[in-house]
Amino acid sequence: GCTMCHRRATAVSRRAGSVATAGRRGVLVRSTCLGSHSDARNAHDGVRDGAHAAGTFAARVPPGRDAWILYHFSIGSPLLDVVRALDVPIALDYHNVTDAKFFWRWEPRAATQMLEGRRQLAEFAPQARFALADSEFNERELVQLGCEHTAVAPILVDSTDYDTTPDEAVLSRRRAARAAGGSDWLAVGRIAPTKCQPTVVLACA
């Protein structure tokens, strides 16, 4: 996906963390009195109402307007080709491309998109005006690929997202299970091959 800001917009990535960061960075941009909006090829349910279809960007932005595109990059997508065809300076917000090896067994289509992401990143990184990276690790990758102007801007987290009341039914089940004895293993992360939940299961076998 991508964020177009500085009097322009964002196209939103499919990855949950990227979506949240894209939205929060858009809020920060608008707080500086610069216009910002989101454009997406496929938008996450939580932000769909606030996103424009990426194909309408050229029709909505007058030629010559002071506009930038901040492209959120985490997977290969035809959207990058659409964005590159626009006469607008492009910066990257790089969230890392997961190694395809984690997905071949479970979701080969996603693995193919990750390989395409690696190809697109290697081709476009040297041409980006500048790039933001979620970590120093990601920044080093961008520099190695020839991106000349980079900075680290960690994922934006709003801790109030976690100020919710626990589900009482779930708590009751957990308390009953704990009272029965045994040990608890906690694996933190979304359900995805890269988080290696099967390894945790194997460790308990």
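Trainee: Before we start, what are helices and strands, and how are they numbered?
Mentor: Helices are DSSP runs of H or I with at least four residues, strands are DSSP runs of E with at least two, and both are numbered from the N terminus. Please keep in mind that this is a predicted model.

Trainee: Okay, so what comes just after α6?
Mentor: Just after α6 sits G181, which takes a positive phi of about 100°.

Trainee: And how far does α6 reach from its first C-alpha to its last?
Mentor: Helix α6 runs over residues 168-179, and its 12 residues reach 16 Å from the first C-alpha to the last, which is close to the 16 Å expected at 1.5 Å a residue.

Trainee: What happens at the start of α6?
Mentor: There, D167 places a side-chain oxygen within 2.9 Å of the backbone nitrogen of A169.

Trainee: Changing topic, how many helices and strands are in the protein chain?
Mentor: The protein chain has seven helices and eight strands. Of its 205 residues, 36% are buried, and the chain exposes about 12300 Å², with carbon and sulfur atoms supplying 56% of that area.

Trainee: Which residues have the most contacts inside the largest nonpolar core?
Mentor: That core has 30 residues, and those with the most contacts inside it are I69, Y71, F73, L92, M114, L121 and L142. The elements that give two or more residues to this core are β5 (69-73), α3 (79-84), β6 (90-94), α4 (108-124) and β7 (131-133). The largest share, five residues, comes from α4.

Trainee: Why would a core like that form, as a general matter?
Mentor: In soluble globular proteins, nonpolar side chains tend to be buried together.

Trainee: Where is H72, then?
Mentor: H72 is found in strand β5, and H72 counts as buried because its relative accessible area is 0%, where buried means under 20%.

Trainee: What does the side chain of H72 make polar contacts with?
Mentor: One polar contact, of 3.5 Å, is with the side chain of D93, and another, of 2.8 Å, is with the side chain of H95. H72 and H95 are 23 residues apart along the chain, with their C-alpha atoms separated by 7.1 Å.

Trainee: And is H95 buried or exposed?
Mentor: H95 has a relative accessible area of 5%, so it is buried, even though H95 lies in a loop, the one between β6 and α4.

Trainee: What about N96, where does that lie?
Mentor: N96 also lies in the loop between β6 and α4, and N96 counts as buried because its relative accessibility is 16%. Its phi is near 85°, a positive value in a residue other than glycine.

Trainee: What sign of phi do most residues other than glycine have?
Mentor: Most of them have a negative phi. Another residue with a positive phi here is C196, at about 60°, although it is not a glycine. C196 is found in the loop between α6 and α7 (197-204), and C196 is partly exposed because its relative accessible area is 29%, which falls between the cut-offs of 20% and 50%.

Trainee: Since we're on cysteines, how many disulfides does the structure hold?
Mentor: The structure holds zero disulfides. As for C147, its relative accessible area is 4%, so C147 is buried.

Definitions and conventions. Residues are numbered from 1 along each chain as its sequence is written. This is a predicted model: local features need pLDDT of at least 70, side-chain atom pairs count only at pLDDT 80 or more; totals for chains, interfaces and linings use all residues. Side-chain values use heavy atoms; hydrogens and water are left out. The expected span of a helix is 1.5 Å times one less than its number of residues. A polar contact is a pair of N or O atoms within 3.5 Å; within protein, one must be able to donate a hydrogen and the other to accept it, and residues adjacent in sequence count only if both atoms are side-chain atoms. A nonpolar core is a set of buried Ala, Val, Leu, Ile, Met, Phe, Trp, Tyr and Cys residues joined through side-chain atoms within 4.5 Å. Buried means under 20% relative accessible area, exposed over 50%, partly exposed in between (1.4 Å probe, protein chains only). Accessible areas come from the Shrake-Rupley method with a 1.4 Å probe; for residues, only the protein chains shown count as cover. A disulfide is a pair of cysteine sulfur atoms within 2.5 Å.
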